[in-house]
Every structure is written in C-alpha cells, then in structure tokens.
Amino acid sequence: MKIAFVGKGGSGKTTLSALFIQYLRQHKQRVVAIDADINMHLAPLLGYGELVDSTLYLSNPENIRDIKTTLKGSNPRIKELAHFRKSTPPGHGSQLIDLSNAADPLLSRYAIGQAEAPLLTVGSYGTEGIGVSCYHNNLAILENMLSHMRDGNTIVVTDMVAGTDAFASTLHAQFDLLVLSVEPTKRGIEVFKQYQQLSEEAGVIDRLRVVGNKARSHEDAQFIRDHIPAPFLLGTILESAHLREIERTGEAIAIEQVEDDTCRLMATIADELKAHRIDADTRLQTLHALHRKYVGQDFITERFGDLTSQIDPDFSYAEAHA
Ligand SMILES: Nc1ncnc2c1ncn2[C@@H]1O[C@H](COP(=O)(O)OP(=O)(O)OP(=O)(O)O)[C@@H](O)[C@H]1O
Ligand SMILES: [Mg+2]
C-alpha cells in the first residue's frame, strides 16, 4: 500500500508523514519512507540524523543510471537505458523492488535508518540542474521506483514536494491514498479546491482525503469542518506541544508523547489506506494508459520512436519475481 502526504508549503506534509510513520513503527508495521520534498526534513523527525548523505539521493545522475539498470533487469522491451522513461512500466525480466526485504539491492544501497523502516531520499537539485531543470524531473526516478515495487504488506509513506507536481506525472496513479494537509486559512481551502479539481480530472477523486492541521483552537477545527466536505475530511490536528518542543530540540517524534486525538487520527488514516488498497495489477492498467499518453507526445516519438511496445500485456506483479 502506498500513501502520499501532499499540500501547500509549510502546511505540515513532513510532520504528518513522520507522525504516520512513527505510528506505524509503534504498531510493528513495516514501512518504507520516501522523502520527496525539496526541503528534506523527514530524517531528523524519524531519528535518522540531521542530514542525509547527498551521495544517496535517488536523483543523482549516477544513481538514476544505477537504479534504472537494476529495475530494467533483463526486460527486453527496454532497448536502451535512455528509453527508460518515467512512465515505462515493468515487464517480464524487470527486477522489482522487494519492499519486504531490507537486503533488497536498491533499499540496501540507497536507504538509511532502521531496517524495519528504511528511508529513501529523492534529493534536491544537483548543481547541474539549477536553472535547466525543475523538481518534477527529479521525481521521475521516484515514479520508476514506485511502479517497480512489490507492495506486499509494507506501507510506503511519501512526503511529497509542495504543490501539484503529482498531477503532472504518473504519481497520482501510483498511490492508494493522497492525504492533503490543510491549514485553517482561506488559502488552505483554496488549495483543497485546486486538488479536488485536479483529482477529479485525473480520475483519483475517490483517493483524495484531507487532514486539517495547525488548528490553534476549536474555532479553527470548526472552520475546517465548515469548508471541507465531510466525505473528504479525516480529522483535524490541533497545534501540538510535543511537535513544538521537538522543533526546538531537533529530536525525533516520540509517538507516545503525541496527543491522543492525533494518534487516533493516525489510526483512521491507516484504516482508510487499507480500505483503499488497489490491486497492483489493476493499477498496472492505469499505468499502461498513462504510458501510452506520455510516450505519444511528439518530443518523445521524435527522439525515441514508438515506446508503446514497452507495454508487456502478459506481465503481472503477482507472478513477477523480485
Ligand atoms: N500540528 C502541529 N503542531 C505544531 N507544529 C506543527 C504542526 N504541524 C506542523 N507544525 C510545524 O509547522 C512547520 C511546518 O510543518 P512541516 O515542515 O511539516 O510542513 P511542510 O508542509 O512539510 O513544509 P515544506 O513545504 O516546507 O516542506 C514545522 O515547523 C512544524 O513543526
Ligand atoms: Mg516538508
């Protein structure tokens, strides 16, 4: 199962991701954390140190080559590495990431932290990327990794970059649940409406949920209830004394010190995620449709020819080996 925390800058994506991860760890649920934010703040909240070694960033060009080579495996439908685009789906011969296995080649090479809760980091702009690239180019390698994973019973928790990058790519289709964190402000509600519209257009509106965050009072929580339609709203988090304290000390989130209401909300998110679990092979059909659309664009066909043959109609995650 895969969940992404999305939303406006500063609304609490990283905090919610970390709270949810710490909640899952407390309940002995295996989790793979992915920091896909330009501001990489997940590691300290999980107790994994202040900074992630930049040589481990998934979006480093040499790491991209290594990851694609690994995922490609012996898939004959990918003629050369340059043809491995962000929407390229797995096929026979692809080497999938085995999330349940800490010794998985890519997890062991690129993740930090506890074996039961490894953290992958997409990374910031490389110096060569400044001015010529935008962050969603960095997210392409994340798209490849997400589409080449075996779900199993591991929960993948992604702290997404602010904004709506998820809708410019295959990302929206890769998650079972998108949780938007919304502050009790006019701007927060506007961002919700924007996500609502984009999710509708992308056909994933049933997977969009909202958590109100940074409510200072019960009036703030009421404001969220007044403006977010009930079917979307999972609950609202009040400003937390523990979260403020660790902001000062730089310590990890200690889930046993988090307010009860917030922990109950984490349980609600976990239940909601289970209820929305999408069968991997069903999701694959969507990924195939997105691939056809993406590689049908002129700039791809002119450069690489017809890449629709990368779709392997007989591939199934259920039968594939890790
Ligand atoms: N419920 C809360 N109680 C107290 N402080 C909070 C709460 N939620 C978030 N914060 C604080 O608000 C700030 C922004 O939160 P956070 O970093 O999680 O947002 P973000 O959406 O990930 O931001 P960015 O877009 O910069 O990545 C942080 O200092 C965080 O500690
Ligand atoms: Mg963040």
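I started with the charged side chains and found K8, E183 and K214 linked in a network of salt bridges. Note to self: this is a predicted model. I then looked up the total, and the structure holds 11 salt bridges.

Next I pulled up one link of that network. K214 pairs with E183, with 3.7 Å between the closest N and O atoms. I checked where the two sit: K214 is in strand β8 (residues 208-215), while E183 is in the loop between β7 (177-182) and α7 (186-202), so this salt bridge ties together parts 31 residues apart in sequence.

Is E183 buried or exposed? I get 14% relative accessibility for E183, and it counts as buried because the cut-off is under 20%. Its partner K214 is partly exposed, at 35% relative accessible area.

Then I moved on to helix α7. K186 and E190 form a salt bridge there, 3.4 Å from N to O. They are four residues apart in α7, which means about one helical turn separates them. I looked up exposure too: K186 is exposed at 63% relative accessible area, and E190 is partly exposed at 38%.

Last stop, helix α10. Which residue does R264 meet in a salt bridge? I found D261, with an N to O distance of 2.6 Å. Both lie in α10 (residues 260-275), three residues apart, about one turn of the helix. R264 and D261 are both exposed.

For my summary: K214 and E183 join a strand to a loop, K186 and E190 pair up within α7, and R264 and D261 do so within α10.

Conventions
Residues numbered from 1 in each chain as written. Chains lettered and ligands numbered in written order. Predicted model: local features only at pLDDT ≥ 70, side-chain atom pairs only at ≥ 80, totals over all residues. Heavy atoms only, no water. Salt bridge = Lys/Arg side-chain N within 4 Å of Asp/Glu carboxyl O. Buried < 20%, exposed > 50% of the residue type's maximum accessible area, 1.4 Å probe, protein only.
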